[in-house]
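Q: Could you take me through one part of this model slowly, as if I were new to reading structures? I'd like a close look at the protein surface around the DNA.

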2 protein chains.
Amino acid sequence: MKLITRNTDYALRALCYISKNKDIVTVDELVKKLGVPGPFMRKILQQLNKRSILDSFKGQGGGFKLKVTPENIYVIEIMRIFQGKVALNRCFLKKDVCPNKGKCALRKKISIIEENVFKQLKEITIASLV
Amino acid sequence: MKLITRNTDYALRALCYISKNKDIVTVDELVKKLGVPGPFMRKILQQLNKRSILDSFKGQGGGFKLKVTPENIYVIEIMRIFQGKVALNRCFLKKDVCPNKGKCALRKKISIIEENVFKQLKEITIASLV
DNA sequence: GACAAATGATACTAATATGGTATCATTAAT
DNA sequence: ATTAATGATACCATATTAGTATCATTTGTC
């Protein structure tokens, strides 16, 4: 059971690094400083660019920089980008027709746990990690 | 992100069914009542038997019954059986040598969330689901 | 004792998610 | 022109999850 997957983790580390270092950072620098695999890191940064969390610059002297201030980058948002909808309580019964849909005690309990997790996740920003 | 996997889910449903129905229940009955795949359900029940949560009886008229009262079967225990150690906060950095081990802000925050999840999970028993 | 109905044990397979790599195209500074 | 960067995209490897298949064993019933 993982709350955070590797790509989310690398994304967060990269964002932390960029936010506390100089303006523009290349993939190569991140690879060296964070010890993460290059092409994978690159793909991750490209996704962050597409989602307008990073700005990218091509060509010599290019790289990535933050497009949003660290205070406004939420961990849960990054999780959603790399892990899709964050939900703990999906039902497994065939055809999605659970015999006691709506009344399922387990689902209810997990929903409560989920809400708490969200409440806490929503308070974590990149700024709060640096 | 799944808190509970399918085998855990089926195990919980089976335990709930057994605990609120007659003494001894066969795999076949569970398959019909719960709409889950037979051989898979069987494997799950065998594991619960090995872990002494169910008792099993071979031969005609055999099946499974609870070995522990529903009040004493904890969801988190079932999760551990099928999903291993329940932990949200493992670190991904190569070689497990995180440069800022111990000081990692993300890890700390996730640990707090994890503790809360545990606290809530630990209160859920089969009895509380029935 | 033969048979049927149940689980025990174990090996195998299929599907999905995760964690990447590889490659070619594009851009921009020197 | 060359070089150093990202953009886009296709592909591959591994692990996890979700099962199936099969043979052995036990036990009640006729």
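Here is a walk through the surface around each DNA strand, followed by how the two protein chains are related.

A: Keep in mind that this is a predicted model. Let's start with DNA strand C, which has 26 residues around it; those that come nearest are A:Thr5, A:Arg6, A:Pro37, A:Gly59 and B:Ser56. Helix H1 (6–20) and helix H3 (38–50) of chain A each give two or more residues to this surface, and so do helix H2 (27–34), helix H3 (38–50) and strand S2 (63–66) of chain B. Sort the residues near strand C by class and you get 14 polar, seven charged and five nonpolar.

Now hop over to DNA strand D. There are 26 residues around this strand, and B:Thr5, B:Arg6, B:Pro37, B:Gly59 and A:Ser56 come nearest. The elements giving two or more residues here are H1 (6–20) and H3 of chain B, along with H2 (27–34), H3 and strand S2 (63–66) of chain A. By class, the surface near strand D has seven charged, five nonpolar and 14 polar residues.

So how do the two chains relate? Turn chain A by 180 degrees, with 0.0 Å of shift along the axis, and it superposes on chain B with an RMSD of 0.1 Å. The two copies are therefore related as by a two-fold rotation axis. Their interface fits in here too: 92% of the interface residues of chain A are also interface residues in chain B, so the copies meet through the same surface.

Definitions and conventions. Residues are numbered from 1 along each chain as its sequence is written. Chains are lettered from A and ligands numbered from 1 in the order in which they are written. This is a predicted model: local features need pLDDT of at least 70, side-chain atom pairs count only at pLDDT 80 or more; totals for chains, interfaces and linings use all residues. A residue is near a molecule or strand if its C-beta atom, placed from the backbone, lies within 6 Å of it. Helices (H or I, at least four residues) and strands (E, at least two) are DSSP runs, numbered from the N terminus. Ala, Val, Leu, Ile, Met, Phe, Trp, Tyr, Cys and Pro count as nonpolar, Asp, Glu, Lys and Arg as charged, and the others, Gly among them, as polar. Copies are superposed by least squares on the C-alpha atoms of residues with pLDDT of at least 70 in both. Two residues are in contact if their C-beta atoms, placed from the backbone, lie within 7 Å.
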